[in-house]
Amino acid sequence: MKTVLLFAAVACLILGTGFLQSWNSALLILNMGLISAIMALGVNLQWGLAGLFNVGVMGFVALGGLAVVLVSMPPVSAAWAAGGGGILLGLVLGAATVAAAVLTWTRAAGRLRGWATAAVLLVGLAIYRMVLDPAVEAVEAVDPALAGYLGGLGLPVLLAWPVGGLLAAGAAWIIGKTALGLRSDYLAIATLGIAEIIIAILKNEDWMARGVKNVIGLPRPVPYEVDLQNDPAFVERASGFGLDATTASTLYVKLEYGVLFAIVLIVLLVLAQLALKSPWGRMMRAIRDNETAARAMGKDVTARHLQVFILGSAICGIAGAMMTTLDGQLTPGSYQPLRYTFLIWVMVIVGGSGNNLGAVLGGFLIWFLWVQVEPMGQIVMTAITAGMADGSALKEHLLDSVQHMRLLTMGVILLLVLRLNPRGLLPEK
C-alpha cells in the first residue's frame, strides 16, 4: 500500500503540472523521469545489490549518447574517402599494441620484463600516431562547419539503444578488470576519473562525433511536429479535441516518446526484479553483506562484482542513448557530474537503495523536484519580498538566490531522508 500511495503521489505531482502549468511541461518531466528512473535502476543494481560505489555514471551515459551518433547518422562519404581507412588501421594498431604489451608482460620474466613491455608500448605508440594523426587531420578538414567526422551507419535510431548498452558494458568490462580489486573509496575515485577521460575523448576527438561542435539533427523514432501539422487527418483529429495543430503535434510526439521509454523501463524493471529474487540475486546480496564469508564458501567475489558492474553500466548506457535521442543532438559539453552522478545517486538513496521500485520512485520524484523547484522558489521569493522596497539590496539578493534553490533543495531532501528514514522511502525488504 505504501508503494502504491507513493507512486500515486508522484503521478499527482506530474498531473498537477499539466493542469496548473502546461501538458507539454508535464510530459517533458514524465519522459525525463522515465530516463532518470532507468539510470537509477542501473546504479541501484550496482550499489543496492552488490555494494559497488560507482561515481562514473556520466561516462557510461555519454557512451550511450555516442552510440546514437555512430548507429543512426548517415556516413560522411568524403570523410571516409579522405582518411576513414587510416583511422581504422590506426585503431587496429593501437589495440594490437596493447595486446602485445600484455602478452610481453605475461610471457617475459626477470628484470627485462618491464623494459620489454615499455619498449613494445613506445614502438607501438609511435607507429599508431604515425598512421592515425594524418588520417584524423584529413577527416576533420572535410567541411568542418557541417561535418568533419566519419558519421555513422545510417541505421534506425532504435537500434542505437541496445548498442549504447553494449558500448557501456564494454567500457565497464575494461574498467572492472582493472579497478574492481580496489576498496570502495578508491573504486569511486577510479570510476570518476575514467568517466572524465571518456568525456575528454568525446570533446577532443572531432573525427568521432564532432567534439564540442556537437552533432545535431539526429534521427528520431517518432514523427516530426512539422510533418504532423501538415497532415490534414491529424489536424482534423486535433480540432476534434479542441487543440490547434501545433500544440497537438508537440503533445503527440512527447506521448510517443513516453510510450517507448515506458516500455524499456518496464522490461528492465521486470528483469531486475527477476534477478533480485533469483539465486544469483541472493548470492549477490550475501557477497554485499559479508564478502569474507562469501569467499569462505567458495564464491568468486571479483567475478560476481564484474558481472553486476557490467549489467548496471549497460543500463546506464541504454538510458544515455534514450536521452540523446530525446534531445535530438549530442552535446559532450553538457555531460556534467552534478547532473549525471550526484543527481542519480540522490534518486537511489531517497527512493531506497536495494529496492528496484524505490530506485524508480526516486527517479521520478527527484527529477520532478529538480525541474520544478526553481519556479516554485521564484514564486516563494516573490511573495516574501513583496513588501520590501524596490532596489533593496536584501530583496535583490533573495531574488537572485532563486537559481540556487535546486542545490539547496536536493541537499535538504537528502538530509531529511537520511535522518528520518535512512533506508529510503521504499527500503529494501
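In this predicted model, the side chains of arginine 129 and aspartate 133 come together in a salt bridge, with 2.7 Å from N to O. Both residues belong to helix H5, which covers residues 112-140, and they sit four residues apart, or about one turn of the helix. Arginine 129 has a relative accessibility of 38% and counts as partly exposed. Aspartate 133 is also partly exposed, at 28%.

Helix H5 also holds threonine 117. With a relative accessibility of 10%, threonine 117 is classed as buried, because the cut-off for that class is under 20%. Once neighbours within four places in sequence are set aside, the contacts of threonine 117 are Ala101, Thr104 and Trp105. Another residue worth a look is alanine 100, which is part of helix H4, residues 77-107. Alanine 100 is partly exposed, at 29% relative accessibility. Its C-alpha atom is separated by 52 Å from that of leucine 27, and the two residues are 73 residues apart along the chain.

At the level of domains, the protein chain is divided in two: domain 1 takes in 2-75 + 151-420, and domain 2 takes in 76-150. A distance of 34 Å lies between the C-alpha centres of domain 1 and domain 2. To the contact between them, domain 1 gives 14 residues and domain 2 gives 15 residues.

A search of the whole structure for salt bridges returns seven. One of them pairs lysine 213 with aspartate 206, whose closest N and O atoms are 3.6 Å apart. The two partners fall into separate accessibility classes: lysine 213 is partly exposed at 40%, whereas aspartate 206 is buried at 15%. A further salt bridge joins the side chains of arginine 220 and glutamate 225, at 3.2 Å from N to O. Arginine 220 is partly exposed, with a relative accessible area of 21%. Elsewhere, Arg285, Arg288, Asp289 and Glu428 are linked into one network by salt bridges that share partners.

The backbone between helix H8 and strand E1 also deserves attention. Most residues other than glycine have a negative phi. Arginine 210, which is not a glycine, nevertheless has a positive phi of about 65 degrees. This arginine lies in the loop that runs from helix H8 (206-209) to strand E1 (215-216). Arginine 210 is buried, its relative accessible area being 8%. The loop between H8 and E1 also contains asparagine 214. Here too phi is positive in a residue other than glycine, with a value near 70 degrees for asparagine 214. Unlike the buried arginine 210, asparagine 214 is partly exposed, with a relative accessible area of 21%.

Helix H6 spans residues 160-179 and has 20 residues. From its first C-alpha to its last, helix H6 reaches 28 Å, close to the 28 Å expected at 1.5 Å a residue. Several alanines are among the buried residues of H6, including Ala160, Ala168, Ala169, Ala171, Ala172 and Ala179. Three glycines, Gly164, Gly165 and Gly176, are listed with them, as are Trp161 and Ile175. The cover over these buried residues of H6 includes helix H3 (57-72) and helix H7 (184-204), together with helix H11 (245-277) and helix H14 (301-327).

Helix H11 is also where isoleucine 266 is placed. Isoleucine 266 is exposed, because its relative accessible area of 51% passes the cut-off of over 50%. It belongs to a nonpolar patch on the surface, made up of Val259, Ile263, Ile266, Val267, Val270, Leu271 and Leu274. Together, the residues of this patch have about 660 Å² of accessible area.

Methods. Residues numbered from 1 in each chain as written. Predicted model: local features only at pLDDT ≥ 70, side-chain atom pairs only at ≥ 80, totals over all residues. Heavy atoms only, no water. Helix = DSSP H or I, 4+ residues; strand = E, 2+ residues; numbered from the N terminus. Buried < 20%, exposed > 50% of the residue type's maximum accessible area, 1.4 Å probe, protein only. Expected span 1.5 Å × (residues − 1). Contact = heavy atoms within 4.5 Å. Salt bridge = Lys/Arg side-chain N within 4 Å of Asp/Glu carboxyl O. Patch = residues over 30% accessible without salt bridge, like charges linked within 9 Å, V, L, I, M, F, W, Y side chains within 5 Å. Areas by Shrake-Rupley, 256 points an atom, 1.4 Å probe, with all protein chains shown as cover. Domains from an automatic or database assignment.
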